[in-house]
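Hi everyone, thanks for coming. Please have a look at the structure on the screen, and then I'll walk you through three residues.

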Amino acid sequence: MNHSITCTSLAFSWPDGTPVLEGLDVAFGPGRTGLVGVNGSGKSTLLKLIAGELTPADGTVRVAGDIGHLPQNVTLDTALRVDAALGIAAQRAALHAIESGDVSEAHFETVGDDWDVEERALATLGELGLGHVDLDRTIGEVSGGESVLLRLAALLLRRPDVLLLDEPTNNLDLYARRRLYAAVAAWPGVLVVVSHDRELLDLVDQIADLRSGEVTWYGGNFSAYEEALATEQDAAERMVRVAEADLRKQKRELADAQVKLARRRRYGQKMYEQKREPKIVMGARKRAAQESAGKHRIMHEEKLAEAKERLDDAAEAVRDDDEIRVDLPHTAVPPGREVLTLMDLRLAYGARVEGGFDLRGPERVALVGRNGAGKTTLLRTIAGELVPEAGEAHARVPLRFLPQRLDVLDGDLTVAENVARFAPGATNNRVRARLARFLFRGARADQKAATLSGGERFRATLAALMLAEPAPQLLMLDEPTNNLDMASVRQLTTALESYEGALIVASHDLPFLESVGITRWLLLDGELRETTAEEVAGPV
């Protein structure tokens with residue numbers, strides 16, 4: 001059977017009427033496809049429509065084969081046992097009952113032909129680096145990254161014909177990412193992955209670029225796509241220059257023609273006034289001149305209109321994707337000024353900071369470590385959201401914390417209303433002017449936070465924190481690149497390069513960390529210790 005996905009005339013809008021997709025036609029066949037596009041273009045929405053988690057307003061989705069979907073934000077009940085999360089709890093219970101001597105027919109029906117389900121589950125967990133996770137543990141005992149891998153393990157155990165992955169490397173440490181890459185590289189069926197992870201996208205066979213409600217296909221992986229796109233854009237920019245030159249030429253020719261026609265009219269009028277020819281002849285000559293002038297003018301005006309249309313068509317082919325512009329005022333920290341002090345800190349789940357740790361001046365600290373090591377717990381403790389089991393954490397300057405889960409916003413409020421909550425002294429005009437820098441212009445600023453895409457939610461959250469009063473002199477970011485398209489990652493990098501305050505970034509994205517000028521690397525592995533970029537990037 002040829003497994004595939006076919007979407008025909010697909011349309012979807014949010015409950016407030018905001019359109020996401022209109023009349024989309026797209027099909028995915030066997031092989032690995034990378035689905036790319038700017039934030040808010042509808043990538044996650046399309047995957048949810050294919051998975052049946054959303055209902056289209058119009059059009060149809062047909063999937064040939066069993067489908068599995070790994071959503072962008074994996075939420076599992078913390079009380080759920082690992083075997084239940086993997087979907088094998090019933091089979092395990094029946095197997096154990098049979099092994100204990102209970103030969104009830106119901107147990108055999110539950111097991112079916114899947115007698116090795118427990119061994120397969122353990123093998124799958126091992127392949128994803130989760131060999132240490134016991135099937136009887138609860139989800140509350142594993143980290144966020146491990147819960148993503150557990151959800152993926154459940155899909156691999158099911159062996160769906162069609163697999164949809166939405167930002168699967170979010171929250172994964174380097175070790176887990178490499179396990180995921182191996183699983184994707186070996187996938188035998190239809191796979192569609194949405195990601196900003198270059199290394200992952202370089203494993204795909206083709207790129208589907210979702211832009212302005214249409215999909216454009218590019219053969220090869222992401223690197224090949226970038227090369228093809230660069231060639232396309234060079235050609236498009238050349239066409240714009242040619243069209244602009246043609247437009248200038250047509251404007252000059254129209255102006256010249258108008259001058260000549262004006263001269264002819266003056267000459268004809270002079271001849272008429274001097275009455276050098278019979279009246280009937282002069283009248284016929286005048287009518288003929290007017291008709292000729294009219295045709296001449298219309299011809300040049302048509303040429304000018306055609307030139308304008310060619311310029312519009314050429315300009316439309318040139319990508320001018322907006323990017324966020326982040327300015328961070330009043331954040332400078334003098335060198336040597338005490339910013340943060342940690343003393344004999346002991347966190348929940350066992351992580352600790354032995355002795356003292358000081359952060360001074362505009363230092364840039366990368367906080368790294370395996371999933372579950374306690375990085376988020378440490379940041380939340382510094383931010384005052386969690387109380388340490390022992391020891392102290394003191395921030396000496398105004399700080400802001402951008403959490404991994406982006407749960408800062410109230411989903412029932414608009415973007416503008418959310419930002420205003422953090423800066424009650426700012427006028428509505430100031431709030432909206434700042435939001436425009438984060439691409440929330442006009443009606444977009446009045447969009448409910450609950451309807452935002454992952455990248456849009458990040459932008460709105462960052463805008464709220466940057467507008468907050470007082471401005472942060474210590475900025476803490478927890479996996480900030482998780483929900484950003486590549487253009488926004490570049491813009492965030494540029495903004496952080498110009499930031500003059502102290503910075504702590506917890507991230508598994510090494511290229512991003514290296515791009516923001518990290519001055520200290522801290523590894524949290526049971527306890528906090530200094531490390532190097534080379535050690536972090538080495539074998540794990």
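Let's begin with a bit of vocabulary: helices here are DSSP runs of H or I with at least four residues, strands are runs of E with at least two, and both are numbered from the N terminus. One more thing before we go on: this is a predicted model.

With that in hand, find S212, which sits in the loop between β8 (206-211) and β9 (214-219). Is S212 buried or exposed? Exposed means over 50% relative accessible area, and S212 is exposed because its relative accessible area is 71%. Now look at its backbone. Most residues other than glycine have a negative phi. S212 is not a glycine, yet its phi is positive, at about 50 degrees.

Next, please move along to L439, in the loop between α13 (428-437) and α14 (454-467). Here again a residue other than glycine has a positive phi, this time near 70 degrees. What about its surroundings? Buried means under 20% relative accessible area, so L439, at 15%, counts as buried.

Finally, let's visit a helix. V117 belongs to helix α5, which covers residues 117-127. V117 counts as buried because its relative accessibility is 1%. Which residues does V117 touch, leaving aside those up to four places away in sequence? They are I88, Q91 and L95. You can also pick out R92: R92 and V117 are 25 residues apart along the chain, and their C-alpha atoms are separated by 7.6 Å.

That's my tour, so feel free to turn the model around yourselves!

How values were computed:
Residues are numbered from 1 along each chain as its sequence is written. This is a predicted model: local features need pLDDT of at least 70, side-chain atom pairs count only at pLDDT 80 or more; totals for chains, interfaces and linings use all residues. Side-chain values use heavy atoms; hydrogens and water are left out. Buried means under 20% relative accessible area, exposed over 50%, partly exposed in between (1.4 Å probe, protein chains only). Contact means heavy atoms within 4.5 Å.
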